[in-house]
Amino acid sequence: MSRKYVRKANEEEQKHYVRPAEHPSFVRSVKGTGTSVKASTAEALAIAVVLGMFSLFFLGAAKVLMAPSASAYQVGFVAVPTGQPIPYKVIQSWAFGNVTIAEVELPPGPLPKGVFVPQSMMVYLAPWSMGTGTGPYATWYATDQYLTVMHYNPMWNGSGVTVAVIDTGIDYLMPNFAPGKHLILLVSVLYKNSSNGEPIVWNLQQNDNLTALYNFDYKLFKEYGHWAFLDTAGHGTATSSIIVAQPGLGVIQGLAPGANLIMIKAFFDNGTSTLSYVLTALQWVYNNTAKYNIKVLSLSWGAILPPGNPLNTAIEQIESKGVIVVAAAGNLGNIPGDVSYPAASPGVIAVSGFDCYTGQVANFSSIGPTLNLFEVKPQFTACAVNVPVLFPPYIGFAGEVRDPYDPNVTALSGTSFAAPAVAAVIADWLEYYHFYHGVWPTQAQLMALLISNAQHLSYPNDLTGYGIPLAPP
Amino acid sequence: MAKRLPPDIFFNLIGLGLAIYLAITVLFTSPLLAVAMIIATAPFAIDIYENAIGRPEISRGTALVLVVLEVFALGFFLLIIYNVLVALPYSSLSLLLILTFLESVFAVYAIAKDLREAYDVLSGRPIVLHYVNIDREVKHYVKEVREEGE
C-alpha cells in the first residue's frame, strides 16, 4: 500500500468506515456511498484467480519435487568417510581418497537424511546446436577466432602440462592431434578391464599403432555395440581440437598445442551419459592425477542438480589434488541462476559463452549467480558462437556447414567450446608460471594471474565474469 | 459504474503474476531463480491482502521468518539488477532476462517496503492495523457522508 494514499483514519472517518469483517464485500468501502458490488466482485475474482494459480503451482511443484519417493524403491547417492559402513544396499561405489561415494538402493518410504536422489540420472553434453552457420559463409566463420581474441602467443603453448578431457572420445585417426606425442592416452569408462574392474586404457605413448587401435576398437564395437575410444558423436573431437590441434595441419589450431591430452570417453553417441559413468571417469582422474601429471580437467557437459550432489563431492576431491577444473556453464539461456553442475561447484572455473562476432553474451549461455551469491560465476567467458573446430568427417548432422576446403572442419556453437579454450589458456599460464617460478601455481595464484590479465568487459558480474582470459604475453 | 482496480493492487497483481510465470518457466532450468520467485510472491501477496482486507497482525517470530526469507530474495534480486546493469552493453537481453530484471525491480520495491514494516514489528513499535484508503473517489464520499452527518 503506497504511503501516498494511506493515513490512519481519524475518529470521524472511522465512524463511516466499515471494516471488512462487517461488510460482505471485502474491498474497502464507506457507509452509504453505494460502492458497486459488481466492481468489488471483479476485484475479488482477480485476486482469487491469482492466488488460486499460486496454490496450484505450489502444489504442482511440491508434487514434482517429491516424485522420487513415489516409486517402490529408489536409487540414491551417499557420500561417507572411506571405511565407514553404508547402511543401504550398495550398487556401485567410487573411492575418492577419504571420501567414498556410493550409489545405493533405498528402501521404500520417506527419504533418509543425507541421501541424494537425483530427478534424473542423465548428464548432458553442452552443445547448443551443431553447425549453426547461417548466412554467407564468410560472415560466420573465422578460423583464427579464439587465437586472436585470446591473444595466443606461440611462445607459451602449454608444454609440460597435461589436460584431461571427459567427453565422447576423440577421432584419433586425425593427425592434427599428434597421437603418441600430444594425444597421449585414451581411456574409456564404457568398458571395464576384466582383470581389475578399471576403465580400459590405450596408452598411445607406448603403442601408437593406430591400425591396431582401430581394429581393437572396431572389435569391441562389433561385439558390444559401442566404440571404446573413437568419437562417433563429434563433440569430444571438437572440444579437444580447441586445446591441442597442431599448427600447420590445416586451418584449425589449438590454444595449447604443446600440451598433452588425455581423452576419457564417458558419453554415448547421443550426447548423454549417466552420473555413474561420469563418476567413474572422475574417479579415474582422481586416481591417476599424479601418474600422468594431470593439471587441468576440461568438462563440457553438465546437469541441473541440487547442491550436495555426488558430482560436487567428486570435483572437490579432485580439486584437493591441485587439478584446475574448468567447466561449461551450460546452454539453458540467459536465465539468472541456471549454471549447471559441475560448473556451479565452488572452485570450478565456469565459462559462459560469448559471441565473438557481435561482442555480446551468447543468448543461449547459462549465467549466474549460483547459490553462493558472493562468488562470481561464471568466472570467465570465451567464444562460443560458430567456433571453428575439427569434426570427424564420417559424422554428418542436420544443418552442418563444412569448410569447403577441409572436410574435417566445421563451426559449432555452445558453451562446450568456450570451456576448452579457457582450459587451454590455463595450460599456457601454467607453463608460463612454472618456467619463471619453478613450481606450479596454486589455484588462487592462477586465478589472480588470469583475472589480472583478462580482457575486462565490465565490472565482475555473473554474465561475463571477469571477462575473456588472455594467453600469457 | 465499474470501479477500476486500485493502483496498488494492480501493481502487486502484475508483480505476483510475473513471479508465478517466471517460477513455472524456470523451475527445471534455474531452481535457484524459481525459489527466489516463489519467495518473491510473498510480499506481493501480502500487499494485496493488506490493500484488500487490512493489515494482518503478525507475531515477532513470523516477522523474523519473513525478514530472513526476504533478505535472501532481496540479495538475489539486487545481484540480478547489478549484473544486468553492469553487463548491459554485452548482454543479449533475451526476453526472460528482461522479464527477470523487471520483476527484480518490482520485487526489491515490495520487499523493501515489507522489511520496513517487519522492522516496526520487531522493534516493538505500535502497528496500525487498519487504514482507510483515501483515494479521490473515497475521499469524495467521505466528504459527502460528513456533510450528511452534519
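This report walks through two chains, A and B, of a predicted model.

## Meet the two chains

Let's start with chain A. Its 473 residues include 49% that are buried. The chain holds ten helices and 19 strands.

Chain B has 150 residues, and 41% of them count as buried. Its secondary structure consists of five helices and one strand. If you follow chain B from the N terminus, you meet the elements in the order α-α-α-α-β-α. In other words, four helices come before the strand, and a helix follows it.

## Contacts across the sequence

How much of the contact in each chain links residues far along the sequence from each other? For chain A, take the contacts between residues at least 6 apart in sequence: 73% of them join residues at least 24 apart. For chain B, contacts with a separation of 6 or more are the ones to consider, and residues 24 or more positions apart account for 77% of these.

## The largest nonpolar core

Now look for the largest nonpolar core, which has 166 residues. Three residues have the most contacts inside this core: A:Leu255, A:Val326 and A:Val422. Helix H2 of chain B, spanning residues 31–52, gives the most to the core, contributing twelve residues. Chain A takes part through two domains: domain 2 (69–117) and domain 3 (123–452) each supply at least three residues.

A:Val326 is a good residue to find on your screen. Leaving aside residues up to four places away in sequence, A:Val326 touches A:Val296, A:Ser298, A:Leu299, A:Ile349, A:Val351, A:Ala419, A:Val422, A:Ala423 and A:Ile426. One of these partners, A:Val422, is also among the residues with the most contacts inside the core.

## A three-stranded sheet in chain A

Next, find an open sheet of three strands in chain A, ordered S17-S19-S18 with antiparallel pairing. Why do S17 and S18 each have one side without a neighbour in the sheet? Strand S17 (387–390) and strand S18 (402–403) of chain A stand at the edges, and each has a single partner strand, so one side of each stays free of a neighbour in the sheet.

You can also zoom in on one of the pairings. S18(A) and strand S19 (residues 406–412) of chain A run antiparallel and are joined by two bridges. Here A:Asp403 stands opposite A:Asp406, which lies in S19(A).

A helix packs on this sheet too: helix H6 of chain A, residues 235–244, touches S17 and S19 of chain A. The direction of helix H6 makes about 105° with that of S17(A).

Notes:
Residues numbered from 1 in each chain as written. Chains lettered and ligands numbered in written order. Predicted model: local features only at pLDDT ≥ 70, side-chain atom pairs only at ≥ 80, totals over all residues. Core = buried A, V, L, I, M, F, W, Y, C linked by C-beta atoms within 7 Å. Buried ≥ 20, exposed ≤ 12 C-beta atoms within 10 Å, placed from the backbone. Domains from an automatic or database assignment. Contact = placed C-beta atoms within 7 Å. Pairing = 2+ DSSP bridges. Axes fitted to C-alpha atoms, helices over the stretch in contact; angles between N-to-C directions.
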